There are 2 protein chains.
Amino acid sequence: MEANGFELENFLPYRLNRAAEFVALRFAAQYKARYQLTRPEWRTLAALGSSERPMTATEIGAHSTMHKTKVSRAVFGLEQRRWLKREEDGRDRRFEHLALTPAGEQAYRELTALASAYQNELLSMLGVENMQALSAGLLAVERAMRKRGTASPLPNPQGGGT
Amino acid sequence: MEANGFELENFLPYRLNRAAEFVALRFAAQYKARYQLTRPEWRTLAALGSSERPMTATEIGAHSTMHKTKVSRAVFGLEQRRWLKREEDGRDRRFEHLALTPAGEQAYRELTALASAYQNELLSMLGVENMQALSAGLLAVERAMRKRGTASPLPNPQGGGT
DNA sequence: GCATATTAGTTACAAGCGTAACTATTGATT
DNA sequence: AATCAATAGTTACGCTTGTAACTAATATGC
C-alpha cells in the first residue's frame, strides 16, 4: 500500500520477460508439438544448421547463449534422434566436432521455414515501425551485454526456468 | 550447412529471450542475495505493495502474469517470512484476501527503491532514445498479447525455467 | 432441494534446470 | 619426464517448474 510510485508494469525487466515469454510461446508450441523438440535442442539445431563447418559443444553454447549442461543434454537428444553425429578431433581428443545428419538438415530446413514464417507473422502483428523500434532497442541491450559481459558462466534466473 | 538465410541472432524470440535474461539477471542478483527472495516472491510483493486494497491469489497472478501454482508457493513463502497475512472472505470462503504486513511494506519500499535505481541504471546504459524505442516496441507486443490472449492457463516455455 | 458445474487455492508428480563435482585429455612449468 | 593447471564435456544432486489431480466452497439448472 501507500504507493511510492513503483509499478511492476513499467519495470523494464518485467516487461521484457513477459514479452519474451509471449513471443516464444507460440513458436515453441510448433517445434514441441510437431517435433517433440525442447528449446535447447531447437537452438542447437539452429546453430549447427547455420554453420558451414561442424561445431564443438562449447561453440554452440557461445553462439546460442546456453549453459554447458544444456548443450550437452541437447546434443545427446539430437544424437538419439539421429539428427546429429559426433566426430572426435584427431589432434585434441577432448573436442567433439558436431554436425547435422541429412535428416537433421532436413529438420533444420523445415524448422527455419516455420521460424521465418513466424517472424513475418510477428512483423504483421506489430507493424513495421514498432518492429524496427523493438529491434533497435534490443540492439542497444545486446551492446550493453557485450560490454558488461553476459555474466561469467551463464547463470540463469532460477533453478527451474522462467 | 547450406544456409537458407536463417540466423538465430536475428530471430526475434531468441533476441527477446536473451535480452530479458540479461536484464533480469543483475536485478535478480540483488533481491536474491540481499533478501533470499525468488522471482515469484518478488513479483507477488510488488503486486501487493502497489495495490491499495488486499488482493486474492488469482488477482496477483493476473496482475503479474504468473501461474496459479507459482503464486500459491510465493504466497506461502512470503507468509512464512511474516511479510504477508491472509484474511478469509466472510461471504465467499474460497477467497483469501492477501495483504502485506508492516515488515512486508518495509521490504517493498526497499526493493522498489532498488528497482527504480536499476531502471535508471538501464536508462543510462541504453540511452534515452534506445530506451524509448525499446519501450515502444514492447508496448506493441503487449497490445498483441491482449489481442491474441496470453494463452489460456499461462503455460511457460519449459518445465525448468528459462 | 439436490445434483452438477464452476471457481479458488493446494499438492503429488515428472521433467528441466544450474551448481558443483567428476572424468578424460592436453598444456605449462620446472 | 613429471607434476600441476586448464579445458571439453558429462553427471549426480537439489531446486523450481507446469500439468493434472485434488479439496473445499459456491453457483447454476432443474
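**Entry 1: Thr101(A)**

Leaving aside neighbours within four places in sequence, which residues is Thr101(A) in contact with? I looked this up in a predicted model, where local features need pLDDT of at least 70, side-chain atom pairs count only at pLDDT 80 or more, and totals for chains, interfaces and linings use all residues. I number residues from 1 along each chain as its sequence is written, letter chains from A and number ligands from 1 in the order in which they are written, and take side-chain values from heavy atoms, with hydrogens and water left out.

With that exclusion, I find Thr101(A) in contact with Arg82(A), Trp83(A), Leu84(A) and Lys85(A). Contact means heavy atoms within 4.5 Å. Thr101(A) sits in the loop between S2 and H5 of chain A. Its relative accessible area is 13%, so I log Thr101(A) as buried. My classes are buried under 20% relative accessible area, exposed over 50%, and partly exposed in between (1.4 Å probe, protein chains only).

**Entry 2: Chain A overall**

I count 6 helices and 2 strands in chain A. Along the sequence, the pattern reads α-α-α-α-β-β-α-α. Helices (H or I, at least four residues) and strands (E, at least two) are DSSP runs, numbered from the N terminus.

Chain A has 162 residues, and 48% of them are buried. Among its contacts with a separation of 6 or more, 54% are between residues 24 or more positions apart. The accessible surface of chain A is about 8,200 Å², and carbon and sulfur atoms hold 51% of that. These areas come from the Shrake-Rupley method with a 1.4 Å probe; for residues, only the protein chains shown count as cover.

**Entry 3: Two positive phi values**

Most residues other than glycine have a negative phi. I checked for exceptions. Gln36(A) has a positive phi of about 55° and is not a glycine. I find Gln36(A) in the loop between H1 and H2 of chain A. Gln36(A) is exposed, at 57% relative accessibility.

Arg82(A), also not a glycine, has a positive phi of about 65°. Arg82(A) lies in the loop between helix H4 (68-80) and strand S1 (84-88) of chain A. Its relative accessibility is 65%, so Arg82(A) counts as exposed. I had already met Arg82(A) as one of the contacts of Thr101(A).

**Entry 4: The A-B interface**

The size of an interface is often given as the accessible area lost when the parts come together. Here, about 7,800 Å² is buried between chain A and chain B, with 60% from carbon and sulfur atoms. Buried area is the accessible area (1.4 Å probe) that two parts lose on being put together, summed over both. The contact takes 82 residues from chain A and 81 residues from chain B.

I count 17 residue pairs in polar contact between the two chains, both residues at pLDDT 80 or more. A polar contact is a pair of N or O atoms within 3.5 Å; within protein, one must be able to donate a hydrogen and the other to accept it, and residues adjacent in sequence count only if both atoms are side-chain atoms.

On the chain A side, the elements that each supply at least two residues are H1 (12-35), H2 (39-50), H3 (57-64), S2 (96-100), H5 (102-126) and H6 (128-147). H1(A) gives the largest share, 17 residues. I sort this side into 41 nonpolar, 23 polar and 18 charged residues. Ala, Val, Leu, Ile, Met, Phe, Trp, Tyr, Cys and Pro count as nonpolar, Asp, Glu, Lys and Arg as charged, and the others, Gly among them, as polar.

Next I looked at Ala133(B), in helix H6 of chain B. Ala133(B) is buried, with a relative accessible area of 16%. Leaving aside neighbours within four places in sequence, Ala133(B) is in contact with Ala133(A), Leu134(A) and Gly137(A).

**Entry 5: Salt bridges**

A salt bridge is a side-chain nitrogen of Lys or Arg within 4 Å of a carboxyl oxygen of Asp or Glu. By this rule I get 14 over all chains. Between chain A and chain B there are 4.

Arg15(A) and Glu142(B) form one (2.9 Å, N to O). This pair crosses between chains, from helix H1 of chain A to helix H6 (residues 128-147) of chain B. Both Arg15(A) and Glu142(B) are buried. A salt-bridge network links Arg15(A), Arg18(A) and Glu142(B).

Arg15(B) and Glu142(A) form another (2.9 Å, N to O). Arg15(B) lies in helix H1 (residues 12-35) of chain B and Glu142(A) in helix H6 of chain A, so this pair joins two chains. Both Arg15(B) and Glu142(A) are buried. Glu142(A) also forms a salt bridge with Arg18(B), the closest N and O atoms being 3.6 Å apart.

Within chain A, I noted Glu121(A) with Arg26(A) (2.6 Å, N to O). This pair links distant parts of the chain, helix H5 and helix H1, 95 residues apart. Glu121(A) is partly exposed at 25% relative accessible area. Arg26(A) is partly exposed at 26% relative accessibility.
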